[in-house]
Amino acid sequence: MPDEPRVTVLTRAGCSACVTAEQDVARICAELGHGWTAVDVDSDPELRAEYGDRVPVIMVDGREHGFWKVEEKRLRTALAG
């Protein structure tokens, strides 16, 4: 059974920044051999309340890593650690 994805991108439909973040995360995770997933914040009232105004949010190992854009060098460092 594969490991749980290390990276989660909290997104919402119609968010162009979310699409860009997902593409960046997909590329970086593929290069480094890590899984990732995307979750629509509008699918969960708690997520919408917590993160709705600042998607995309990038989570690494269940913790908030950043929001609005992928900081590639910082994400690579987090995944290497």
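Biologist: Hello! Looking at this model, which residue is the bridge partner of Leu10 in E3?

Modeller: Happy to help, and please keep in mind that this is a predicted model. Strand E1 (residues 7-11) and strand E3 (residues 57-60) run antiparallel, with four bridges joining them. Within E3, the residue that partners Leu10 is Val57.

Biologist: Which strands stand at the edges of the sheet?

Modeller: The sheet is open and has four strands with mixed pairing, in the order E2-E1-E3-E4. A strand with a single partner strand has one side left without a neighbour in the sheet, so the edges belong to E2 (36-40) and E4 (63-67).

Biologist: By how many degrees are neighbouring strands of this sheet turned against each other on average?

Modeller: The order to keep in mind is E2-E1-E3-E4. With direction ignored, the average turn between neighbouring strands is 25°.

Biologist: What angle does the direction of H1 make with that of E1?

Modeller: H1 packs on the sheet, where it touches E1, E2 and E3. Its direction and that of E1 make an angle of about 170°.

Biologist: How does the reach of H1 sit beside the expected value, and what is that expected value?

Modeller: H1 has 17 residues, and 25 Å separate its first C-alpha from its last. At 1.5 Å a residue, that is close to the expected 24 Å.

Biologist: Why do the buried residues of H1 line one face of the helix, and what arc do they fall within?

Modeller: The residues concerned are Cys18, Ala21, Val25, Ile28 and Cys29, which are buried. Looking down the axis of H1, one finds them on one face of the helix, because they fall within an arc of 100°.

Biologist: Which elements do the buried residues of H1 pack against?

Modeller: Cys18 and Ile28 are among the buried residues in question. The face of H1 turned away from them carries the exposed residues Ser16, Gln23 and Ala30. The buried residues themselves pack against E1, E2, E3 and H3.

Biologist: Which residue follows H1, and what is its phi?

Modeller: H1 covers residues 16-32. The residue that follows is Gly33, with a positive phi near 80°.

Biologist: Let's move to charges: is Asp24 buried, partly exposed or exposed?

Modeller: Asp24 forms a salt bridge with Arg27, their closest N and O atoms being 3.8 Å apart. Both lie in H1, three residues apart, about one turn of the helix. Arg27 has a relative accessible area of 34% and is partly exposed. Buried would require under 20%, and Asp24 has 23% relative accessibility, so Asp24 is partly exposed.

Biologist: Which residues are joined into one network by salt bridges that share partners?

Modeller: In helix H3 (residues 72-80), Arg76 and Glu72 lie four residues apart, about one turn of the helix. The network that contains this pair is built from salt bridges that share partners, and its members are Asp24, Arg27, Glu31, Glu72 and Arg76.

Biologist: How far apart are the closest N and O atoms of Arg76 and Glu72?

Modeller: Both residues are partly exposed, Arg76 at 24% relative accessibility and Glu72 at 30%. They form a salt bridge, and the distance between their closest N and O atoms is 3.0 Å.

Biologist: Finally, how many salt bridges does the count come to?

Modeller: One of them joins Glu71 to Arg74, the closest N and O atoms being 3.7 Å apart. Glu71 is partly exposed at 39% relative accessibility, and Arg74 is partly exposed at 38%. The count of salt bridges comes to eight.

Technical notes: Residues numbered from 1 in each chain as written. Predicted model: local features only at pLDDT ≥ 70, side-chain atom pairs only at ≥ 80, totals over all residues. Heavy atoms only, no water. Salt bridge = Lys/Arg side-chain N within 4 Å of Asp/Glu carboxyl O. Helix = DSSP H or I, 4+ residues; strand = E, 2+ residues; numbered from the N terminus. Buried < 20%, exposed > 50% of the residue type's maximum accessible area, 1.4 Å probe, protein only. Pairing = 2+ DSSP bridges. Axes fitted to C-alpha atoms, helices over the stretch in contact; angles between N-to-C directions. Contact = heavy atoms within 4.5 Å. Expected span 1.5 Å × (residues − 1). Arc of directions from axis to C-beta.
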